[in-house]
Amino acid sequence: MAFRSLTRRKLRNTLTALAIVVGVTLVVGVNIAFQSAFTQFHGLLYEAAGSIDIVIRSARHPFKSTILDPIRRVPGVEQVSHRVIQKMNVSSRGYKERLAYVVGISPDDFDFYDTTFTEIRGTRDLKQHKVCVVEEDMGNLDFGNWIHIYTFRDSKRKGVLVDRIDHTFSVVGILSKREISVSTQDLSSVYLDIDVARDIFNQGFRDLPYQYGKDDVDFTIVKVRNIEDGPRIAREIKSILGRDFAVTALKEPLLLKYTASIKGFKEGLRFTQLISLILIAVITFNTSYMNIKERSFEIGVLRSLGASSLQIFWNFFSETFIIGLIGSIGGALAGILVGRIFLEQYIAPILHFTVTYSVNFGTLFTGLQIGLAASGIGGLIPSANACRVDPVKVLYSHHSPRRWGGPHLFLFGSILIGISQYKNYPFSIPIIDSLIQEQTLGLGLVTLLIIGLVCVFLSIIRKFEKPLSFIAKILLGHSGAISSKNVGRNAPRTVICLLLISMCLCFLVAISGIRAGVARGTSTALGSFLGADVIIVSEGGFDKRFAQEIRNFKGDIESVAPIYTEPETFYNSGDLRRYNDEGTLMLVEPNFSDIANLQFTEDTPEDIMVKLFEKPRRCIITQSLASVLRLEIGKNIAIMVKETMYDDMARPYTEMVPEKLEVTGILETLPFSYFSFAGSPFDKICMTSYESWGPLHPVYNEDNGFVTEDTSAEQSFSTIILIKTKLGAILEPIRDGILNEYEDEYDIEKVLTRDDLAKEYSNDIQAIFDVFETTLSFSLLITVIGMSEILVMNVSERKRETGIFQSLGMSKLHVVAIVLEEAIFLGLSGFLIGYIGGYLCWKEIVASMNMQGFPMPLIMDPEVLKHILIVSVSVSAVSAVYPSIMILRSPPAASIGSQK
């Protein structure tokens, strides 16, 4: 019976199924695209970090590798290998000496010998005699070149204090450096066999207060079976080994960063998918409602013949279920095709890596479930109402259902609007507050707001029907009066139509407004966060007089602060071997605090910037560095400084000695901590004055034979220059003027304004909002289908009426104009309701973002208003196309003879 009933209303049911197809296509396509992207990201993690998932270091190195035997039995651990590592003096091909990591590799090192993820040109066999593998950034090296590693030991020769020993190795392999490595400092590495490396380390490396035994290692690398289990396994290993070991899930930070960066994006997409599903439910509700309304006499007959309520319910609900099943299957199949387009055109450009498309059949099944659920929700209430039909009343041919009254609509709509504005009430209910935080319920409040506005609007239209008809007659002639009356003839249908278009436009208004607000707010936030309006970065360093020239540069420059940065390893001076970390040494001038927005911990003195510059050897460190080194205010941080000395034979040698700085303050946050300039990461900073450079860098003065302080950086060196401009200054002319004036004279790598930085983010922001608006276009398509269905119903019910109009001399085009005017009136009404609803949603989002610290302005952009108006009229016009064709194809005589 359900299948026979479906064929009686082919067009209506086909349009409903098409709407479900579009909605499920969006859900399936988006989810498959995201699943493909996330799966691909796991592969990229392995390409970036190789097979290493966990790194284990000891506070007291080296340590016996046998201590870690229990971790091999931890569930989820696949392989374990050990390495030794030290920083040593290295040279190659006549280049001057420099520090580099010398890494000892064991024969069972799963990462080094993994040809899948570790790219080494040449051979990786380190068991040959005197061979090594070097990283490609070591220099312009080729196979067969020599690497020299130097150690120093006390000399037994008379008159000689130190013997310098040259360990020479032939390069047999060149390793491509990864994005993620065991060390984060900007140093190259040389790889040797682990036993050879131990022998070198033991040969009198003067500042090494220990010897390596046969089983001694510096750190251990672990490979796990499942990358998601890395953090959990790291915690288990930490609990086994205790506090003397540092256990790091190497890929966890990048995985967390990626997950956090796409979380909001995924939530936003899920939000737009929910909108489409609500529209599906609305269209299904309308179709089911109209089917039951037209067949109320049939229901009365069935009830009089003894049909039960359950039979009546299932008879109509099964029709909706079949439509939903057909649409869901079609949408799932179409989603496979759309998902590839969505992935390649939208998601891949945002994530900045190439993604391989793969279909997850679990996602297809989920899409089927969602489509059936949405259609089931839409058909549930009408089918339940069919059970309540009174057979006595509907069997009377003159019975007609009661019209929805204007006061009732107004009261109902006002109640819904009041409920939707719960968040703005001065009182709160904890249980409801916690529920509203859920995204689905938040969308439910917005839906209630739109339904309420539609009901109130329609009640006003009914109340002022005569004045509105008079105005429409003046503007459009007699057809205008007819169109305005047609809108109120079927309140449920009009409510559904307005609900479709206004809900879709509501979120389009909110998304368009947020797009403009985020673009403007990003620049403001960066300016507030960085403090600097212009940043000049050097490739090799500026003469400090350049900063003075910038101060005198024409334009609206208010303040200039030069900065010098270099990568360093920092130590806790109380325990050099136990607590150390890599970060950046930053030299600043007093006016740095005038530009940068610095936030300190509560125990930092208020006059910290004054104390910092009172005398050298004082510093401020970031909280992240303080926590790793176990430092607090008043303690000392140390830097290992390479001093140049001479033995009795006037031969130079280097000695690594600790130089201390007193920690006088701790930074909670540092501007631009997420950036990296001149190769220096800005998350772990030791900030001190330029005057501290000299004591930290002693040099041997050949003229008088004494060790003196190096004053080169203090007097004339900076790598970054921060510029703060006057309020309202235009930054582009300042940037271009600096480049034109000084680019040839100074080693300028780039000049960045906060607007330039905002543009870098803006491209991704605009791409994200393009995705949102694309998904909302599916909702627009669903709206077109739903409005077309309603207008087709209207035209079908008024065939006799349109035939009479034509017999009285009205042309078919004139009749079509009536339908088009009705559609456009609905579109403009939906635009008005949607804009009001969208503005309220937009305003609430802006307030929430400002409370969270992001300065998003509430911009009333006329272009947004124009765009939404065009969309509303276009949707209405397209919806009226097929009903208009129906009128044009229907002869007047046949229309007059119709029973409708």
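1. In this note, a residue is called buried under 20% relative accessible area, exposed over 50%, and partly exposed in between. The structure under discussion is a predicted model. With a relative accessible area of 46%, E632 therefore belongs to the partly exposed class.

2. The surroundings of E632 concern charge. Together with E602, D603 and E668, E632 forms a patch of negative charge on the surface. Membership of such a patch requires over 30% relative accessible area and no salt bridge, and the 46% of E632 agrees with the first of these conditions. As to its position in the fold, E632 is carried by the loop that joins α19 (623-629) to β18 (636-646).

3. A second surface feature is nonpolar. L11, V878, V881, Y882 and I885 make up a patch of about 390 Å². Helix α27, which spans residues 881-889, gives the most to this patch, with 3 residues.

4. Within that patch, I885 deserves a separate remark. I885 is located in helix α27 and is one of the residues of the nonpolar patch. Its relative accessible area is 35%, so I885 is classed as partly exposed.

5. The loop between α18 (608-612) and β17 (618-622) contains F613. Leaving aside residues up to four places away in sequence, F613 touches V588, E589, P590 and S689. For one of these partners, E589, the separation along the chain is 24 residues, while the C-alpha atoms of F613 and E589 are 8.2 Å apart.

6. The loop between α18 and β17 also holds R617. The backbone of R617 calls for attention: phi is near 65 degrees, a positive value in a residue other than glycine. R617 counts as partly exposed because its relative accessibility is 33%, a value between the limits of 20% and 50%.

7. A positive phi is likewise found at K130, where the angle is about 55 degrees although the residue is not a glycine. K130 is situated in the loop between β5 (120-122) and β6 (131-135). Its relative accessibility of 36% places K130 in the partly exposed class.

8. For checking the backbone, the residues to inspect are K130, with phi of about 55 degrees, and R617, with phi near 65 degrees. For the surface, the points of reference are the negative patch that includes E632 and the nonpolar patch that includes I885.

Note on methods
Residues numbered from 1 in each chain as written. Predicted model: local features only at pLDDT ≥ 70, side-chain atom pairs only at ≥ 80, totals over all residues. Heavy atoms only, no water. Patch = residues over 30% accessible without salt bridge, like charges linked within 9 Å, V, L, I, M, F, W, Y side chains within 5 Å. Areas by Shrake-Rupley, 256 points an atom, 1.4 Å probe, with all protein chains shown as cover. Salt bridge = Lys/Arg side-chain N within 4 Å of Asp/Glu carboxyl O. Lys, Arg positive; Asp, Glu negative; His and termini not counted. Charge placed at Lys NZ, Arg CZ, Asp CG, Glu CD. Helix = DSSP H or I, 4+ residues; strand = E, 2+ residues; numbered from the N terminus. Buried < 20%, exposed > 50% of the residue type's maximum accessible area, 1.4 Å probe, protein only. Contact = heavy atoms within 4.5 Å.
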